[in-house]
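Student: I should like to learn how to read the features of a protein model. May we go through them one at a time?

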Amino acid sequence: MSHAAPVHSLWTLAADPPREIPAPHIEYAQLAPTLIVLGVAVLGILVEAFLPRRARYHAQLLLSVVGLAAAFAAVVALAAGGHAGEKAQIAAMGAVAVDGPALFLQGTILLVSLIAVFTFAERRLDPAAHGNRVDSFAAQGSAVPGGEAEQAAVKAGFTTTEVFPLALFAVGGMLVFPAANDLLTLFVALEVFSLPLYVLCALARRQRLLSQESAVKYFLLGAFSSAFLLFGVALLYGYAGTVTYSGIAEVVSGTTRTVDPALASTMGNDALLLIGGALVLMGLLFKVGAVPFHMWTPDVYQGAPTPVTGFMAAATKVAGFGALLRLLYVVLPGMRWDWRPVMWGVAIVTMLLGAIVAVTQTDVKRLLAYSSIAHAGFILAGVIAASPDGVSSVLFYLAAYSFVTLGAFSVVTLVRDAGGEATHLSKWAGLGRRSPLVAAVFAVFLLAFAGIPLTSGFAGKFAVFKAAAQGGAGTLVIVGVLSSAIAAFFYVRVIVLMFFSEPKADGPTVAVPSVLTSTAIAVGVAVTVVLGVAPQYFLDLAGQAGTFVR
């Protein structure tokens, strides 16, 4: 009988009521925009696998457009249902915030992506190859550039229709990025939207090697920035004992109630907070292309297929600045005295370097890349304002800027010579005489970039600089205005080149686009003019969307 006791005690342990693992509580309706986009992206991959090659292009285009439109409708429905205001909440067990800034930025990203999908699908610009219409993407991404496999793929009329689901996965990550409410969700979203972009950058039909080089540069530098971000997340976890934004903010402000004993020794260690915060900021500043983390921008913008460059330049900036705002305003408001001087320096260097280096550029895509760096500096001025006006001015600027950028890169796809897109500035000489409409449209976008009154660029810059001045950053506004003046020089120089130079005899032709690219350019012009002439409604909208849920 003596051995029975241990057996008996085992039985009693087993008979205890089983521990229940709580099921996660997920608000599907509030997460609908992201879920729709990711669901359609998965469907797109099934389309690639099961549909015959002939049918894929139209199926993918239809799926992408319907999916993005449905997701935008979901964002509008959430905003109309009060989730941007009094019903703002933290959803998905604390991982995602559904509030004004998140919905405003998600709506902007979805609209921009919808227009970008049109430019992806454009098939009228290149001359037909072996009787097949072709788009901007490689016939077979895995084939060696110039090799036999690639020539066979071109001859067979293959096209890379995977670009549509890839773009949708990127959009799904971008939707979560500005809404992420804990650091791990932020990191996962960053990877979800970066990895498809690395692939998309490598898929240009012309200049395959340049395109692949740009993708490798982007991938390597992106991996570095992700590593910095992740290391920062680890240090902030060591500092606060939690990765949720509200939890870290509580420890920073000293109002935390519960302390994990395992973390008691490191909690509240300011060195961890400062270094961790700086590393996370570095990861985000890399994504928005701020100096000194801007090195990848000109090379990647130049090498990537132009529709991808437009999509990336517009949508990634919106997502990146959204995440940056949430980090600074929700997690680190108690450290304002620490992060503002650093951001001052970053903003000033970014504005000046972007504007000055752009003056020396001879390639249209590189020029727009440096111009986008300068704009990152202008937007940072609004971030530094550290006020509700700062948030709403940044939201407005991002919405205005993204459409101008997309429109400008869409125009770049139209100017062609025998080697594909003619991006060297010397080839744009006299474009205004050869095709006045295209040159005039490009001039509108350039004037908006320069911030000339009656364009959306002016309304955006005015809002951002006003918020910065009221937030006590007057010096920053002076530097910003000086940078704008330098930048205006090279925008106007391109306009003068197009309208007041003699066209060359062997100059490029302007391809006649299909309705897809025409729509993208028309929407860009319409938004630029409407936000410039009557910005008040949209400024009010951004103002109402300017409060973060905590």
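Student: Which residues are linked in a network of salt bridges?

Tutor: A salt bridge pairs a side-chain nitrogen of Lys or Arg with a carboxyl oxygen of Asp or Glu, within 4 Å. Please bear in mind that this is a predicted model. Here the network of salt bridges links Asp126, Arg206, Arg416 and Glu421.

Student: How many salt bridges does a search of the whole structure find?

Tutor: Such a search finds 12 salt bridges. One of them joins Glu213 to Lys217, with 2.7 Å from N to O. These two residues lie in helix 8, which covers residues 208-240, and they are four residues apart, about one turn of the helix.

Student: Are Glu213 and Lys217 buried, partly exposed or exposed?

Tutor: The reading depends on relative accessible area: under 20% is buried, over 50% is exposed, and values in between are partly exposed. Glu213 has 40% relative accessibility and therefore counts as partly exposed. Lys217, at 29%, is partly exposed as well.

Student: Where in the chain are Asp135 and Arg123, and how far apart are the closest N and O atoms of their salt bridge?

Tutor: In the salt bridge between Asp135 and Arg123, the closest N and O atoms are 3.9 Å apart. Both residues are in the loop between helix 4 (100-120) and helix 5 (148-156), 12 residues apart. Asp135 and Arg123 are both buried. A further salt bridge connects Glu48 with Arg56, where the closest N and O atoms are 3.7 Å apart. Glu48 and Arg56 are buried too.

Student: In what order do the strands of the open sheet stand?

Tutor: To read a sheet, one follows which strand pairs with which. Three strands form this open sheet, in the order 4-3-5, and their pairing is antiparallel. Strand 4 (420-421) and strand 5 (509-510) are at the edges with a single partner strand each, so one side of each has no neighbour in the sheet.

Student: How many bridges join strand 3 to strand 5?

Tutor: Two bridges join strand 3, residues 415-417, to strand 5. Within this pairing, Val415 stands opposite Val510 of strand 5.

Student: Which residues have the most contacts inside the largest nonpolar core?

Tutor: A nonpolar core is a set of buried nonpolar residues joined through side-chain atoms. The largest one in this model has 182 residues, and Phe311 and Phe442 have the most contacts inside it. Helix 12, residues 306-331, gives the most to this core, with 17 residues. Leaving aside residues up to four places away in sequence, Phe442 touches Val364, Ala408, Val411, Val412, Trp428, Val494 and Met498.

Student: Is Thr309, in helix 12, buried or exposed?

Tutor: Thr309 is found in helix 12. Its relative accessibility is 0%, so Thr309 counts as buried. Not counting residues up to four places away in sequence, Thr309 touches Tyr301, Ala304, Lys365 and Phe409.

Student: Which residues make the nonpolar surface patch of about 410 Å²?

Tutor: To read a patch, one turns from the interior to the surface. Val42, Leu43, Leu46 and Phe50 make this nonpolar patch of about 410 Å². Phe50 lies in helix 2, residues 32-50. With a relative accessible area of 68%, Phe50 is exposed.

How values were computed
Residues are numbered from 1 along each chain as its sequence is written. This is a predicted model: local features need pLDDT of at least 70, side-chain atom pairs count only at pLDDT 80 or more; totals for chains, interfaces and linings use all residues. Side-chain values use heavy atoms; hydrogens and water are left out. Two strands pair if DSSP finds at least two bridges between them. A nonpolar core is a set of buried Ala, Val, Leu, Ile, Met, Phe, Trp, Tyr and Cys residues joined through side-chain atoms within 4.5 Å. Buried means under 20% relative accessible area, exposed over 50%, partly exposed in between (1.4 Å probe, protein chains only). Contact means heavy atoms within 4.5 Å. Patches are made of residues with over 30% relative accessible area and no salt bridge: like charges are joined within 9 Å, nonpolar side chains (Val, Leu, Ile, Met, Phe, Trp, Tyr) within 5 Å. Accessible areas come from the Shrake-Rupley method with a 1.4 Å probe; for residues, only the protein chains shown count as cover.
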